[in-house]
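This briefing concerns one protein chain. Its sequence and coordinates are shown directly below.

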Amino acid sequence: MSQENKKFVIQEHSSGPDVHWDFMLELGGILQTYRLDKAPSEALHLAVNATKIFDHPLKFLTYEGPVNKGRGNVRIAESGSYKIVHQAHDLIELNLSGKILKGKFTLTHIEGDNWQFAPDTGNSKQA
């Protein structure tokens, strides 16, 4: 299920003592967004908790600065392009071409809005 290259971005979002990373995938005129609890450099080697949150507008592909009416700031921590290699109801296999994240990664649905983002170890199911 290879598709054309689309853009992705990971923004570091800080609000007071809270820091998380928003992983955004360009998809159909919006950015499908997952909140990651670890930085891209950690996600390169480890499985990371990912929470599906609300979609963001495309302007966030390049935006850095204040958000949430001044209650936080975002900066781009990673960006690049991606292809969906395989997609099922509970699994999305991605090929990322970023500055830090390169190669195959998976988003695996756990339960509700909870997902896991991880490097593909080659053990994922193929359709």
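The points that follow cover confidence, nonpolar cores, the largest pocket and two selected residues.

The model is predicted: local features need pLDDT of at least 70, side-chain atom pairs count only at pLDDT 80 or more, and totals for chains, interfaces and linings use all residues. Residues are numbered from 1 along each chain as its sequence is written, and side-chain values use heavy atoms, with hydrogens and water left out.

**Confidence**

- The chain has a mean pLDDT (the predictor's confidence in each residue, from 0 to 100) of 91, and 93% of its residues reach 70 or more.
- Among the elements, strand β5 (residues 65-67) has the lowest mean pLDDT, 91, and β9 the highest, 98; strands are DSSP runs of E with at least two residues, numbered from the N terminus.

**Nonpolar cores**

- A nonpolar core is a set of buried Ala, Val, Leu, Ile, Met, Phe, Trp, Tyr and Cys residues joined through side-chain atoms within 4.5 Å; buried means under 20% relative accessible area, exposed over 50% and partly exposed in between, with a 1.4 Å probe and protein chains only.
- The largest core holds 22 residues, of which Phe23, Leu94, Leu96, Leu107 and Phe117 touch the most other members.
- Two or more residues of this core come from each of β1 (6-15), β2 (18-27), β3 (30-36), β4 (48-56), β6 (72-88), β7 (91-98), β8 (102-111) and β9 (114-119).
- Another core, of seven residues, lies apart from it and includes Val9, Leu31, Phe60 and Val74.

**Largest pocket**

- On a 1 Å grid over the protein atoms alone, a pocket is an open set of points where a 1.4 Å probe fits, with protein on both sides within 12 Å along at least five of seven lines; lining residues have an atom within 4 Å of a point.
- The largest pocket has a volume (the space filled by probe spheres set on the points) of about 190 Å³.
- Its lining comprises 13 residues, with His13, Asp22, Phe54, His56 and Asn68 nearest the centre.
- At least two lining residues are supplied by each of β1, β2 and β4.

**Selected residues**

- Leucine 25 is found in strand β2 and counts as buried because its relative accessibility is 4%.
- Beyond its neighbours within four places in sequence, leucine 25 is in contact (heavy atoms within 4.5 Å) with residues including Tyr82, Leu94 and Leu107.
- Lysine 6 lies in strand β1 and, at 21% relative accessibility, counts as partly exposed.
- The C-alpha atoms of lysine 6 and serine 81 are 5.3 Å apart, although 75 residues separate them along the chain.

Notes
Helices (H or I, at least four residues) and strands (E, at least two) are DSSP runs, numbered from the N terminus.
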